[in-house]
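Work through the exercises below with the model open beside you. Try each task before you read its solution.

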Amino acid sequence: MTRSVPGSEPNSVPPLVSEGSGARECLHCSVRHLSVCSALSCDEVRALEQITLSMPVPMGATLARSGEPRAHVFTVTEGALRLVRTLADGRRQVNGFVLPGDYVGLSGSDLHRYDIEAIADSRVCRVATSQMRDLRQRYPHLERKLLQRACQELDAAQDNAMALARLQPPERLADFLLRLAAREAMLGQVGNRVALPMGRGDIADHLGLTMETVSRTFTKLRQQGLIALPHLNVVEILDFTGLQRLANDDLG
């Protein structure tokens, strides 16, 4: 069974402490079908549980910093994280968002390439990289699942790079909202509401826009009848077809 670690300071990752209540059983995890753990049988999942710590990451906490040794890998089970890099001129680039079921730490580098920060109260399952390496050697189908995940992340990175290079702000935002909607569908969420755990500034730094442009573009999509904005962190998609047409307009 995974060991659960309670939180402490609001702006730092809590230190590991002795075993406590609230342990998460991997077999009953609500996002297991989305994670790399889905490649494992029941017995193999129990082996994974023995080396896994379930730990909270409070909103605003930094899970890892760019340049630090990559000692652990993580699976997000609740909340949301962002991958951030500070450019040489001081500008911030949000490379991506890590949502429930996502795996963090799949890299050929020995060092973290991004700051990993919580943008909501979150929970991750943490495994030492050395222990995950041993598990991959024991279970080749887990290795295949990780390779599949790496290919998916590469495809997503290429799609995002093409969008940033060719799309105008409305098309970029439409594409972003549709990707979030598709992800919520995978989590079993029904309906047309999309949660936005990230702020407008995060979206801007991810899409290569200014925060003012993002705000204006949200308003433009609302005025066009494509979306509604019932809350700051919720978008209601009113016209999926229109949004898809807009997102694909410049890509032919």
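The exercises start with the whole chain and then turn to single elements and residues.

**Exercise 1. The whole chain**

Task: State how many helices and strands the protein chain has, and what share of its residues is buried.

Solution:
- Note that this is a predicted model.
- Count the elements: the protein chain has seven helices and 12 strands.
- Take the burial next: of the 252 residues, 46% are buried.
- Turn to the surface: the accessible area is about 12900 Å², and carbon and sulfur atoms hold 50% of that area.
- Look at the contacts with a separation of 6 or more: 71% of them link residues 24 or more positions apart.

**Exercise 2. Strand E2**

Task: Decide which residues of strand E2 point which way, and find the strand that E2 is joined to.

Solution:
- Locate E2 at residues 53-57; five of its five residues are buried.
- Sort the side chains: Leu53, Met55 and Val57 point one way. Ser54 and Pro56 point the other way.
- Find the partner: five bridges join E2 to strand E9, residues 122-128. The two strands run antiparallel.
- Pick out one position: proline 56 is opposite arginine 123 of E9.

**Exercise 3. Helix H5**

Task: Explain why helix H5 is described as largely enclosed by the rest of the structure.

Solution:
- Find H5 at residues 200-207.
- List its buried residues: Arg200, Asp202, Ile203, Ala204, His206 and Leu207.
- Draw the conclusion: six of the eight residues are buried, so H5 is largely enclosed by the rest of the structure.
- Step past the end: glycine 208, just after H5, has a positive phi of about 70 degrees.

**Exercise 4. Two residues that touch Arg70**

Task: Place threonine 129 and leucine 111, and class each as buried, partly exposed or exposed.

Solution:
- Start with threonine 129: this residue is in helix H2, residues 129-138.
- Class it: the relative accessibility of threonine 129 is 16%, so the residue counts as buried. The cut-off for buried is under 20%.
- Check its contacts beyond four places in sequence: threonine 129 meets Arg70, Ala71, His72 and Val73.
- Move to leucine 111: this residue is in the loop between strand E7 (103-104) and strand E8 (115-118).
- Class it: leucine 111 has 40% relative accessibility and therefore counts as partly exposed.
- Check its contacts beyond four places in sequence: leucine 111 touches Gly67, Glu68, Pro69 and Arg70.
- Add a distance: leucine 111 and arginine 70 are 41 residues apart in sequence, yet 4.9 Å apart from C-alpha to C-alpha.

Notes. Residues numbered from 1 in each chain as written. Predicted model: local features only at pLDDT ≥ 70, side-chain atom pairs only at ≥ 80, totals over all residues. Heavy atoms only, no water. Helix = DSSP H or I, 4+ residues; strand = E, 2+ residues; numbered from the N terminus. Buried < 20%, exposed > 50% of the residue type's maximum accessible area, 1.4 Å probe, protein only. Contact = heavy atoms within 4.5 Å. Areas by Shrake-Rupley, 256 points an atom, 1.4 Å probe, with all protein chains shown as cover. Pairing = 2+ DSSP bridges.
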